[in-house]
Structure formats: structure tokens, C-alpha cells
Amino acid sequence: MDDLSHSPSPLLKAEPPDPTEVPVAEAASLPAAFLTDLALRHFARLGELKLVQIAQHLGLAVMVVDGLLTNMRKLGLLEVPRRGALEGDVSYALTDAGQRQARLAYEKCNYVGPAPVTLPEYVARVGEQSQHLTPVRAARLRQAMGNLVIDPAMLPTLGSALNSGKTIYLYGATGSGKTYLAEHLVKTLEGAIQVPHAVYVDGEVIQVYDPVVHYPAPVAAAPAQGLERAAPLDGRWALVERPVVIAGGELTLDMLDLAYDPHTRLHIAPPQMKANNGIFVVDDFGRQRVSPHELMNRWIVPLDRRVDYLGLNTGTKFSVPFDVRVVFSSNLAPEELVDPAFARRLGYKIHLLPMNAQSYRAVVAQACARSGVPPDAPAIDYLVNTLHMRSLMPYLPSLPFDVISKIADRARYLEEPPRMTPELLDWAWANYFGGNGQTVQAKGSPTPQLGE
């Protein structure tokens, strides 16, 4: 196979395969020796397999696998211990030589799954899925926000930011709903995408599909975003919803490169690669174990050129698409974290302010329904007009559920129906904030006013 690691630019311009001309069999383009080792590992793990079964496990066309198994029999790696009553109903199993070769195959790599796609195939598919992303419209954004209580004046800014493809920087006080809002933004990206189980690069396997990140999508969702022009879905790809990946304070520079496991001899794709054709949220930006300056240095090229560069444990460097809507979420204003040069790369800077009293009451009603505590009008007035005023705490959307759910916790302990009263709200408020429930006003947040 040609070495593709030293020509990143052509890779990113690769044209997607035409399914009318390129059969799935030929699209695999994997070395025969690699496919043989992969098949050996499948047989070693699963035992006897029929042609259709091994084809399903490899995610390849029966015609291709038939040729592969025929060659493995010629090499003395497979035998046919039994035949079925019907023609073609044949089971295959490893010979003694096949068992020995399978052990050697496991020493090279422990990957047992669908055949990987090649790097050019992956690049082409990500580009195809990006080109067919439907622009965000006002109606779609309102639908995506669902029951999220948000200032209507903010919606045009959010929609414009999403359509720009540029970085979005959400900032505001703790509890202002930054992460929750970021998670809702992925719902604006319509349609399903195809994610490879793994990618083959320079003899190495990179696992991409992650069930924690990639949620299965119904097959009917595929044409909605233009996949009818891409190669037909086969077992090497998984049809999933557009992903949203969230990395918080645990994020380090090492996590943004390939992770290599010396025991399994597998590479694991970094979070931004798993998020391709979706959204990548860097939560609590500024609280990572790496400085904002170092982190932004790592992001300069991907954010500007939409290309990321990764390295295998062998030293091979290669490029992959960086087709990600990046959302930074922070308690701090951008000028407090990065210098002006970096700040310019943060395409849209959106300040999430505390709510007004009317919007806050709507969030309180949602918190009551979610926690199972029946709303009580006088108690809600006490929460809004007394507790917040007394402690100078702004109306932040995260507070109602955090406080009211404690009343539900207490009711379950006492085995009594939950009730919302001023006394119980005092108790819950004190347990949430500590001490006597007196709080310190969040930096930059206006003091709530009665009747606001």
C-alpha cells in the first residue's frame, strides 16, 4: 500500500467514491496479509464460521470473503470440517497451522472487528457528510432548543454561529446553562452520518467508533443529509446520529493525539476525531490541567485550516479532517484567558447572562415537574423574591432543580409526599450552598430586582 503519511493536502481533497463504479469489495483496498490476519483472529475467537457469518463479521462483501477464504485454504490455514445439506452451506475452521498463525496475528494486533476503512475513504466520507449538512434555519433552531428557556434575542446569534462553522465561545457565571446549551446545539445538525469502526493507516489500526459517543441512528435517517451520493452503507461503517463530544477539566494535550495501547497494539482516535461531522465541547475552558495558551496553540492549525495532524506510535504523521463545530464553555470572559491574537480565532463570543424573573419562574416550574415536587405559588414567590434577594444570587437556570430536588430527596427518606414550603426551601438552599445559605454574588452578574 502506498505511504500516504507525507501528502496530507491531497488526502483532504480526495473525491468520494462513486458507488456505481466502485464495489464495496474493491473499496476496502486493504493488504491481503492484513485481511488474512484479521480473519484468523475472528476464527480463533469464534470457532467454526460459515461464509456468510465471517463476511458479516468482517463487514465485507461475500464475494470478497469467498476469495479470501479460498486463498487461506490453499495456504493450509483453514479446513472444511463439515458440509451442510445445501450447496454452499459450508463451515470453515482453523487448521493446526491456522491456529499457530492466528497466535502470531494476535501478537501483531488484537483488533477483532469489521475491516477498517482506508484513510482516503475516511477523508472522502467526512467531506461528503460535511457538504450535505443542511444550514440551520430559525425554525430548526427553535425546535432544537425544545423546552430550554432561552432569551429569544440570542437565537439569531446562535444560528449564525452554527452556520459559520467557526468556533463558539460561551461564557457566563457558573450555573448559567452553558454546557446544557452546548448539548442542545447538536440537535440543529440534521441527519445521520456514517462512522467507521476503524481506520487503517500505514499498517496500523485506529479505532474510531465509540458507543459512548456514537448513538445508532435509524437507517431511514441517512438520505436526510445527502448520504444517497456516498458509497452504500456496509458493515465497515456504523450509521449514527451526529456526535457531541464533551471534554472538561480532565483534558490534556496528550488526549488530543492518538492513544496507543501497547498491550492490544491498537490506536484510539482522539475526541476531536470522534466528533467529526458533529460538535466538540471544551467545557470549563481555563480549568484544564494545561494552560489556555498551550491548548489554543494546539488548536491554531485545526481551527484555521480545518485539518488536524496526528502521529502513530511508529512515528508516521498524517492528516485527518477537522470537520467539527467547536464550542468553548467558560466562566471567564475570553480576554481573561487568551491574548487578542487567540481571541480573534474565537469566531463568536456569546455571553450568557442571568435570567429575568419571568423566565426564571418557567425554569422553576420545569424543575418541579422533573423532580416530582408539586409546585406551590407562595413557596415559589419565596424562592424568587426572598431567597435570591437575601443572598444576592442572580437567577441562574441550574439552581431550581439543584435546590428543589433536595426536597424530593428528603421526602423519599421520610417516606412522605414531597411538599414545597418556605421552610423546606430554606433547608434545601442551605444544604446546597452550605453554612446558613448565604451566598456570594457571581462575578459580573447583576443583582436580581423585584418584578424584573
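Select β10 (244-247) together with β13 (residues 278-282): in this predicted model the two strands run parallel and are joined by 4 bridges. For one of these pairings, pick alanine 247, whose bridge partner in β13 is valine 282.

Now widen the selection to the whole sheet. It is open and has 5 strands, ordered β10-β13-β16-β5-β17, with parallel pairing. Go to the two edges, β10 and β17 (348-352): each has a single partner strand, so one side of each lacks a neighbour in the sheet. Looking across the sheet, the average turn between neighbouring strands is 20°, direction ignored.

Next, add helix α9 (residues 155-164), which packs on this sheet. Show β5 (168-172), β16 (324-330) and β17 with α9, as the helix touches these strands. The direction of α9 makes about 150° with that of β17.

Leave the sheet and select two helices, α4 (residues 51-58) and α5 (residues 62-74). Two packed helices are described by the angle between their axes and by the distance between those axes. Here the axes come within 9 Å and cross at roughly 110°. The limits for roughly perpendicular are 65 to 115 degrees, so α4 is roughly perpendicular to α5.

Finally, display the side chains where the helices meet. From α4, take Leu51, Ile54, Ala55 and Leu58; from α5, take Val62, Val65, Asp66, Leu68 and Leu69. Coloured by class, this contact has 8 nonpolar residues, no polar ones and 1 charged residue.

Notes:
Residues numbered from 1 in each chain as written. Predicted model: local features only at pLDDT ≥ 70, side-chain atom pairs only at ≥ 80, totals over all residues. Heavy atoms only, no water. Pairing = 2+ DSSP bridges. Axes fitted to C-alpha atoms, helices over the stretch in contact; angles between N-to-C directions. Contact = heavy atoms within 4.5 Å. Parallel < 35°, antiparallel > 145°, perpendicular 65-115°, else oblique. Nonpolar A, V, L, I, M, F, W, Y, C, P; charged D, E, K, R; others polar.
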